[in-house]
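Colleague: I am new to this structure, so please take me through it step by step, starting with a single side chain and moving on to the sheet.

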Amino acid sequence: MGKRVVLAYSGGLDTSVIVRWLADRGFEVITYTADVGQGEELGEIEEKAKKAGAVEAIIDDIKEEFAREYCLPLMRAGALYEGKYPLLSALSRPLIAKKLVEVAHQKGADYVAHGSTGKGNDQVRFEASVWALDPDIEVLAPVREWEFKSRDEEIEYAKKHGIPVTATKEKPYSYDRNLWGVAIEAGPLEDPYTEPPEDAFLITRNPLEAPDEPEYVEIEFEEGTPVAINGKRYNELWKLIWDLNEIAGKHGYGRVDMVENRLVGIKSREVYESPAGLLLIRAYDELESLVLDRFTYHYKQSHIKHPYAEVVYEALWFTPLREALDAFNNSIASLVTGKVKFKLFKGSANIVGRTSPNSLYIEDLATYSPKDSFDHKAGAAFTKVWSLPLKVMGRVRKERRK
């Protein structure tokens, strides 16, 4: 038996070329393809992998595990890297790495491999996650080592060896898609001043071509978990996310265009689509604003969201820190029950309503109508005490000016 390697295989250009490249170097290549909701027909992936040189091809449907164990915690954290990126690629990597290790143990492989580049984030996420689970497995990253200098050269190599790939010189985009959305790179997107061409997008309609009438969508949560859309209940979380992508994407909502600070120290122009991810994060935050006390809500805004995003982005999923942050988020999730309503129209999603049986909003205290029950006289005493430090500082400044 030769050297065995389990390759994270998407069926795209890079990983298809990697299969042949590794096989030519004496490896028995077992491909592992995780169905995390990329929306592709994977029935032909086995034949495709074997045509490229794989000895075995494994296809694994892990959509619900991805939704429950990864997307849900991220939503509860409200995590957006640099306030924009919904972490869709970063989120899937630790789960795929976990599966690579499991398959390697089952198949007696001493190696796992991935298709990440030497200046990308995913190399760190794959390798750090693998070694967190099994520090003795060796990780191979052919894209960091091989002779190809461009995607055009890879396309020519694939054609020469009869490897079926979908990338072309005319449409050179690189995609990474899962339930949480789509990451789009390469081609004209590498110029941060160039508007992304419409043919680059996969799951969001051009807002100019979106329906001319707005659509209302209501998302219902039970103890921190989304369970229904417009009254339709779901037993499978992945299907709810899938349907929400279609509903919001139809109206052109969910596009992100940003210059991102990568782990390796460079800046990169990134384009994403995440209709369901962005909508769920916003909906969850709206309910939290209704049911959490001011101190807890403010603490989460300043001490949980950004750190959680960095944990996911920086390959720290399998750490006590992530577990501790999840424990905080899960402890308050029991309060997050209710409904949030959005108005979708031409690329926008405006919040138009929220309600919860755990709401701390009391209309009689908030209203300015005759029903007002707030003690306005008490407000004067509160203001005086609250302003005391400012009053002291003002007095000192006044004395200094004399």
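**Salt bridges and sheet**

Colleague: What is the relative accessible area of Lys98?

Modeller: Lys98 counts as partly exposed, a class between buried (under 20% relative accessible area) and exposed (over 50%), with a 1.4 Å probe and protein chains only. This is a predicted model, in which local features need pLDDT of at least 70 and side-chain atom pairs count only at pLDDT 80 or more, while totals for chains, interfaces and linings use all residues. Residues are numbered from 1 along each chain as its sequence is written, and side-chain values use heavy atoms, leaving out hydrogens and water. For Lys98 the relative accessible area is 26%.

Colleague: Which residue meets Lys98 in a salt bridge at 3.3 Å?

Modeller: A salt bridge here is a side-chain nitrogen of Lys or Arg within 4 Å of a carboxyl oxygen of Asp or Glu. With 3.3 Å from N to O, the side chain of Lys98 meets that of Glu65. The pair links distant parts of the chain, 33 residues apart, with Lys98 in helix 4 (residues 88-107) and its partner in helix 3 (residues 63-77), where helices (H or I, at least four residues) and strands (E, at least two) are DSSP runs numbered from the N terminus. That partner, partly exposed at 24% relative accessibility, is Glu65.

Colleague: How many residues apart in sequence are the parts that Arg144 and Glu127 tie together?

Modeller: Arg144 forms a salt bridge with Glu127, the closest N and O atoms being 2.8 Å apart. Because Arg144 lies in the loop between strand 5 and helix 6 (151-160), and Glu127 in helix 5 (residues 122-133), the pair ties together parts whose separation in sequence is 17 residues.

Colleague: Which strands stand at the edges of the sheet?

Modeller: The open sheet has five strands in the order 3-2-1-4-5, with parallel pairing, where two strands pair if DSSP finds at least two bridges between them. Each edge strand has a single partner, so one side of each is left without a neighbour in the sheet, and these are strand 3 (56-61) and strand 5 (138-140).

Colleague: Is Leu140 buried or exposed?

Modeller: Leu140 is found in strand 5. Leaving aside neighbours within four places in sequence, Leu140 is in contact (heavy atoms within 4.5 Å) with residues including Val5, Leu22, Phe27 and Val112. At 13% relative accessibility, Leu140 counts as buried.
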